[in-house]
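Got the viewer open and a selection box ready? Let's take a walk through this one, stop by stop.

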Amino acid sequence: MASLFRRRRSLIFKVIIGIPTLWFFMVFLLAYHDNLFFAFREDSNNIAIMRKGDDSRNENNNIRDNNKYRGNNRNDEANQGALLIHPPLQNNINNNNNNNNNNINIDNKNFHNNVFKIDDKDSESHHRKQQDSNFNNNKNNNNINNNNNIDNFNIKNTKNNNDNIKNKVKIEKPVDNSLKFNPDVVIPVDPNAPGENGRAVVINKDKLSAEERKIYDEGWQHNAFNQYASDMISLHRTLPDVRDEECKSIKYKENLPDTSVIVCFHNEAWTVLLRTVHSILNRSPPQLLKEIILVDDYSDMPHLKQPLTDYVEKLGKVKVVRTKQREGLIRARLLGYSVATGTVLTYLDSHCECTRGWLEPLLSRIEMNHTHVVAPMIGLISDTDLHFTRAGKSVSIGRFDWSLTYRWMASTSFYKNFSDFCAPVKSPTMAGGLFAISRAYFTELGTYDAGMDIWGGENLELSFRIWMCGGTLEIIPCSHVGHIFRKRSPYKWRTGVNVVKKNSVRLAEVWMDEYKNYYYERFNYDLGDFGDVTDRKKLRERLKCHSFDWYIKNVYPDLFIPGEALASGEIRNKQKAMCVDASVDHQNMHKPVIMWPCHNQGGNQYWMLSKNDEIRRDDGCLDYSGGENVIIYPCHSQHGNQEWQYREDRTILHVNTLKCMEISMDGKTLLMKPCTGIDRQIWFWKRKAVSGGSNRNRL
């Protein structure tokens, strides 16, 4: 009986203790299960985003061995932002993915009233914690073979993964943006990663598979640079610190003005655009970077719609605004200006990479005087292999020729103080793609001419206006930004409209006074419809700006003045209606001069006879060394092979060889023959009034 009682007491004890214990265990298990479920669901959603934009990619996604570096391969970069999903090559994105419901379009006619800013509305600390958790869950659930790459991994086709997952997902580890910016921190990187430290990514296209070659060729076609190479490089790739030692030793004020960086784009490649963004975030002191404004000029590529919105809204300081129609660079930049809140506006192209210490020198100069407009030294990022090359130590500055084309030239003592390498260098003009200006001063100057279309001429117009209206334009030797220089534009516009000419006529009418005629001569005064410039002329009056003659004498005294030429216009042969024809840009130097039917439109048939006995257009001179052809060669003002005489009998004599220009029998070739005075050696050229020079007594 006692034994039975003890057994019943033991059973009761077990029930009393066991049931609550079991209940507690079940609650714990269910809670843990929910965490796993939600983590898996979020990871699945991330993968779904990738698959939605990449349905066309087949299961041979591992076609090149270095795909593990595609688009992102940094170790522990102190980057901005949080959980970042890297879309695939835009060439393979499903073109039906045009979802842009979260992006409000901007009507350029009412910038201020229709602007939509993309802001991060979540609690930043909670957001970072949740992203850290997601990062770890993704890492565990997909059984990643993580070879110490902290900021990216691939979801691979393994038995441990979902067999349907074929795409690479790149996830950037979140970093606390509140950490104090310290440019001296050395971040370890994989030295073998493609493109690191600005190195080239060399690809032998002949060794690519058919699928790879298709992607390679499409990248070139769509972007006019090697997108295939770009996509192999980290979005946070390192660049060498190219500053000179004098620049590194400069201590800047802590209370410099902040800046809004405005980047306009149209159908830009994903990795190039985001490498621009991350180079700004990673290499700009947070207290100086107010915001980055990405202005989408009506892109139609899917990766620049919702995927871009989703990506940048996690970066904290990056906004996307969009135009309602294709506007072009000028009005897109005006849109960016209209929503900017920074003290300084910094304009960058969408295919740049900022180097260490790029921002402080620009802002420091503007802080000294708000009328200083400054541009960085522009390094070259190769369009072929993305290799970064710093700008040369001999600072190149901007100028222009009488076709109103921007040119580079070496700085001289007139523009630069050679005793101080770090000193700003005065520049008559700027390229216009990369510069910083006080927002208040930009407003005071009248911003851009909104009557200009698309692109072209706006840089010269703003350059003339800055100098003539009380400002200064400078190159800052201590600031370096890399830029991809493309050999052609990949963008298409409506045909039949010469927007560069229209824009240039507008600037000539407003700012060049009587000097505008030297430009108009180039196309026989066929100005076309350039719109109404009344308001721009009133702006010049209100600002009490200098004359263009003042600009030439005080800002660009080295400029060749066509008014000093002894003859100008087309050089037409008497026997055949053929004219001397050649392009004089740097790509056509050393090429033969040709004969072409006269078209009376100037252009490549416009020539000047200088007082220095040159037949020239801008920087290209007719040069004859005694061989078969007359060629285009850079003008050197040393006579020799470039000395010519236009004589009373209308023959053109080469002084060195005593031969005369002659057109061939078929009219296709320019020859040099002994002077005989035959009709094929007679040339009609519009003479000008003689004011002096060595040719004076020969006309």
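Before the first stop, one cut-off: a residue counts as buried when its relative accessible area is under 20%. Keep in mind as well that this is a predicted model. With that cut-off, buried residues make up 53% of the chain's 699 residues. Switch to cartoon and you have 15 helices and 25 strands to look at. The contacts reach a long way along the sequence, too: of those between residues at least 6 apart, 75% join residues at least 24 apart.

**Stop 1: a covered helix**

Select residues 329-339, which is helix H8. How many of its eleven residues are buried? Ten of them are, so to speak, under cover, and H8 is mostly covered as a result of that count. The buried ones are Ile330, Arg331, Ala332, Arg333, Leu334, Leu335, Gly336, Tyr337, Ser338 and Val339. Two arginines, Arg331 and Arg333, are on that list.

**Stop 2: two helices crossing**

Now select 499-511 for helix H12 and 534-543 for helix H14. Their axes are 9 Å apart, and the helices pack at an angle of about 40°. That angle makes H12 oblique to H14. Which hand does the crossing of H12 and H14 have, left or right? It is right-handed.

Show side chains at the contact. From H12 you want Arg506, Glu509, Val510 and Trp511, and they meet Arg536, Lys537 and Arg540 of H14. Colour these residues by type and you get two nonpolar, no polar and five charged.

**Stop 3: the disulfides**

Select the cysteines and show their sulfur atoms. Across the whole structure there are five disulfides. If you number the bonded cysteines in sequence order, they pair up as 1-3, 2-4, 5-6, 7-8, 9-10. We'll visit some of these bonds.

Begin with Cys247 and Cys478, whose sulfur atoms are 2.0 Å apart in a disulfide. The torsion about this S-S bond is about -75°, so the disulfide of Cys247 and Cys478 is left-handed. Cys247 sits in helix H5 (residues 245-248) and Cys478 in strand E13 (residues 472-484), so the bond ties together parts that are 231 residues apart in sequence. To see the pair you may have to hide some surface: Cys247 and Cys478 are both buried.

Move on to Cys469 and Cys545, another disulfide, with 1.9 Å between the sulfur atoms. Here the S-S torsion is about 100°, so the disulfide of Cys469 and Cys545 is right-handed. Cys469 is in the loop between helix H11 (458-468) and E13, while Cys545 is in the loop between H14 and helix H15 (548-554), so this pair ties together parts 76 residues apart in sequence. Cys469 is buried, and Cys545 is buried as well. If H14 is still highlighted from the previous stop, use it to find the loop that holds Cys545.

Next, select Cys660 and Cys675, which are joined by a disulfide with an S to S distance of 1.9 Å. Its torsion is about 95°, so the disulfide of Cys660 and Cys675 is right-handed. The pair links distant parts of the chain, 15 residues apart: Cys660 is in strand E23 (residues 659-663), and Cys675 is in the loop between strand E24 (670-674) and strand E25 (683-687). Turn on the surface and compare the two ends. Cys660 is buried, at a relative accessible area of 0%. Cys675 is partly exposed, at 32%.

Two further cysteines are worth a click. Cys264 counts as buried at 11% relative accessibility. Cys352 is in no disulfide, and the nearest cysteine sulfur, which belongs to Cys354, is 6.8 Å away. Cys352 is buried too, with a relative accessibility of 1%.

**Stop 4: positive phi**

Some background for the last stop: most residues other than glycine have a negative phi. Select Ala224, where phi is near 65°, a positive value in a residue other than glycine. Ala224 is in the loop between helix H3 (210-223) and helix H4 (227-230). Is Ala224 buried or exposed? Its relative accessible area is 3%, so Ala224 is buried.

Then jump to Arg650, with phi near 70°, again a positive value in a residue other than glycine. You'll find Arg650 in the loop between strand E21 (644-646) and strand E22 (652-654). Arg650 is partly exposed, with a relative accessible area of 30%.

Conventions. Residues are numbered from 1 along each chain as its sequence is written. This is a predicted model: local features need pLDDT of at least 70, side-chain atom pairs count only at pLDDT 80 or more; totals for chains, interfaces and linings use all residues. Side-chain values use heavy atoms; hydrogens and water are left out. Axes are lines fitted to C-alpha atoms, for helices over the stretch in contact, and angles run from 0 to 180 degrees between N-to-C directions. Helices (H or I, at least four residues) and strands (E, at least two) are DSSP runs, numbered from the N terminus. Angles under 35 degrees count as roughly parallel, over 145 as roughly antiparallel, 65 to 115 as roughly perpendicular and the rest as oblique. A crossing is left-handed if the near helix is turned anticlockwise from the far one by less than a right angle, and right-handed if clockwise. Contact means heavy atoms within 4.5 Å. Ala, Val, Leu, Ile, Met, Phe, Trp, Tyr, Cys and Pro count as nonpolar, Asp, Glu, Lys and Arg as charged, and the others, Gly among them, as polar. A disulfide is a pair of cysteine sulfur atoms within 2.5 Å. Buried means under 20% relative accessible area, exposed over 50%, partly exposed in between (1.4 Å probe, protein chains only).
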